[in-house]
Amino acid sequence: MDLQYAQNWLNDILNEVSIQFQKVPGSAIFLRYVKSSYQNDPVRSAVELFLVLFAIRYLLSPKYSTQKKSYVTLSDEEIDELVDDWMPEPLVAPQTPFEEAENEKRPVIVGPTGPKSKLSNGRTVTNLASYNFYNLVANETLKEKAIQVLRTYGVGPCSPPGFYGTQDVHIKTEADIAAHLGASACIVYAQAFSTISSVIPAFSKRGDIIVADRAVNYAIRRGIQISRSTVRWYEHKDLEDMERVLEKVVREQRKKPLTRRFVVTEGLFENVGDMLDLPKTIELKLKYKFRLILDETWSFGVLGRTGRGITEHQNVDAAEVDMIIGSLSGPLCAGGGFCAGSDEIVEHQRISAAAYTFSAALPAMLATTASEVLSMLQTNPEMITSVRDNIKTMWAQLDPRSDWIRCTSSAENPIMILALKMEVVLGRKLSIADQEQLLQDIVDETLANGVMITRVKSMPRAINATTKDIGWELQPALKVCITSGLSRKEIERAGITIRHAVTKIMTRKR
């Protein structure tokens, strides 16, 4: 009885509510809308009902203040005390006594940096410390062409390429590089260093995965850091370790959302000088479905019969490399950098690469110089041959004849990296600082005998850096840059001078 009574009472209430609702103006239209909407699209009706209930709840919810203070109020005296006690960390670590002494003795070149350079003290020395591999500094044709372009276009475009900074010479240079490499397209940057450090974060973001060689250069490391991607390192040039890391990444990501995955490495390693095994690297990246970002900063213009880089040297189609990054400021004696790849890869960078979007375009004079040098390499391969002959001559004077140093560079690399032999380091128990001091003494002794070389220099450690932050540590080494501007006899004499300086410093009494 009670249940029947409750049902009758509820029906009376609903009928009364219906009668009162029908008296409201527009109620009939609203009811027809609800009935037709429910019949045609019941999901839509449910969503609308949810929105109506949410709006009612929002309007009936209690008010709250957005200005509510959730922090501790300090007095002026307390604030002043905290400010006085605060000591910011320095942006740059103070110079060590070794660095101060090195800066005081640093040679200063007056005039062009040719094979024979004049120093500020009046001496003329053999310059083996600059990247003037083909002696293009003394090329009168390039000088005249640069002056002509300078008078036509001015010093610089003073605008990013995406606004009004792109000129016809930039388009021509991009086409020339792409044709030289055999790539579909190319994009030119204004700075060589920021090219690779902008390309990496343009494609790899937070959550993506980068597998990189431990010995990659500082510009690559900055690009990886900016990208905030997950990084997996493999031992330098250890393809078995590389495959182990790739396989581990694939296994870990099997049940996770799909991410972009990249292999980042160099053609000729800046810090060590040796060469990548590109065919095997491409085989592994295809096997595990990674994209390859190849930095050819020091191999483009050097390797191959016409200077196309490691792809030409190891007979690899450039299309098999997803992104080829190179420099126009080293062997080509111009300025800027480039990235070559497919049309989609290049066009993506025009709106997403920071160094391209927010930097002024490359000066027309440098773009034209790069195109002219590429044309010279294609039509005159003897330029590269003469440099390689001088490299062999220097190798014969240093690596096999010295009991103290070894050359870690590839035989085709005009930048010879000379490090102390491991038996010497271990036998004398030399620390990194000890090696740097010995090598700097060798540089000074060599300069005193009329030959200027330099040392491989890495970025100093960050303040309060831990072992994890440091990662792979560069072994101190000498850097000798070979040029075709010197004759075979001059290279031999320079090599003998370097070898004798090494012997003198390493055999002196401590």
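**Two sheets and their helices in a predicted model**

I would like to start with a single pair of residues, Leu294, which stands opposite Ile324 in strand E9. Before going further, I should say that this is a predicted model, in which local features need pLDDT of at least 70 and side-chain atom pairs count only at pLDDT 80 or more, while totals for chains, interfaces and linings use all residues. Residues are numbered from 1 along each chain as its sequence is written, and side-chain values use heavy atoms, with hydrogens and water left out.

A few words on terms: helices (H or I, at least four residues) and strands (E, at least two) are DSSP runs numbered from the N terminus, and two strands pair if DSSP finds at least two bridges between them.

Which strands make up the sheet around E9? The order is E4-E10-E9-E8-E7-E5-E6, an open sheet of seven strands with mixed pairing. Its edge strands are E4 (185–189) and E6 (230–234), each of which pairs on one side only. Neighbouring strands of this sheet are turned by 20 degrees against each other on average, direction ignored; for such angles, axes are lines fitted to C-alpha atoms, for helices over the stretch in contact, and angles run from 0 to 180 degrees between N-to-C directions.

Let me walk through the middle of that sheet, beginning with E7 (residues 261–266), which runs parallel to E8 (residues 291–296) and is joined to E8 by five bridges. Between these two strands the chain passes through helix H12 (residues 278–287), and this β-α-β crossover is right-handed, meaning that, with the strands pointing away from the viewer, the path from the first strand over the helix to the second runs clockwise. Within this pairing, Val264 has Ile293 in E8 as its bridge partner, and Glu266 stands opposite Asp295 in E8. On the next step, four bridges join E8 to E9 (residues 323–327), again in a parallel run, and here Ile293 has Met323 in E9 as its bridge partner.

Is E9 buried or exposed? E9 is mostly covered, with five of its five residues buried, where buried means under 20% relative accessible area, exposed over 50%, and partly exposed in between, using a 1.4 Å probe and protein chains only. In E8, five of the six residues are buried. In a regular strand the side chains alternate between the two faces of the sheet. In E9, Met323, Ile325 and Ser327 point one way, Ile324 and Gly326 point the other way, and all are buried. On its way to E10 (337–341), the pairing changes sense, since E9 and E10 run antiparallel and are joined by five bridges, with Ile325 standing opposite Cys339 in E10. Helix H8 (residues 168–181) lies across E4, E9 and E10, running at about 130 degrees to E4.

Turning to another helix, H9 (residues 193–203) has ten of its eleven residues buried, so H9 is largely enclosed by the rest of the structure. Among those buried residues are Ser194, Ile196, Val199, Pro201 and Phe203.

There is also a second sheet to describe, an open one of four strands in the order E11-E12-E15-E14, with antiparallel pairing. The edge strands here are E11 (405–407) and E14 (454–455), each pairing on one side only. E14 pairs with E15 (residues 477–481) over two bridges in the antiparallel sense, and Thr454 stands opposite Lys479 in E15.

Where does Ile417 sit? Its place is in strand E12 (residues 415–420), and because its relative accessibility is 2%, Ile417 counts as buried. Not counting residues up to four places away in sequence, Ile417 touches residues including Glu270, Val272, Arg406, Val456 and Leu478, where contact means heavy atoms within 4.5 Å. The C-alpha atoms of Ile417 and Cys481 are separated by 8.9 Å, although these residues are 64 apart along the chain.

Finally, helices H19 (residues 432–448) and H21 (residues 488–507) pack at an angle of about 130 degrees, with their axes 9 Å apart. H19 and H21 are therefore oblique to each other, given that angles under 35 degrees count as roughly parallel, over 145 as roughly antiparallel, 65 to 115 as roughly perpendicular and the rest as oblique. Among the residues that meet are Leu438 and Ile442 in H19, and Ile498 and Val502 in H21.
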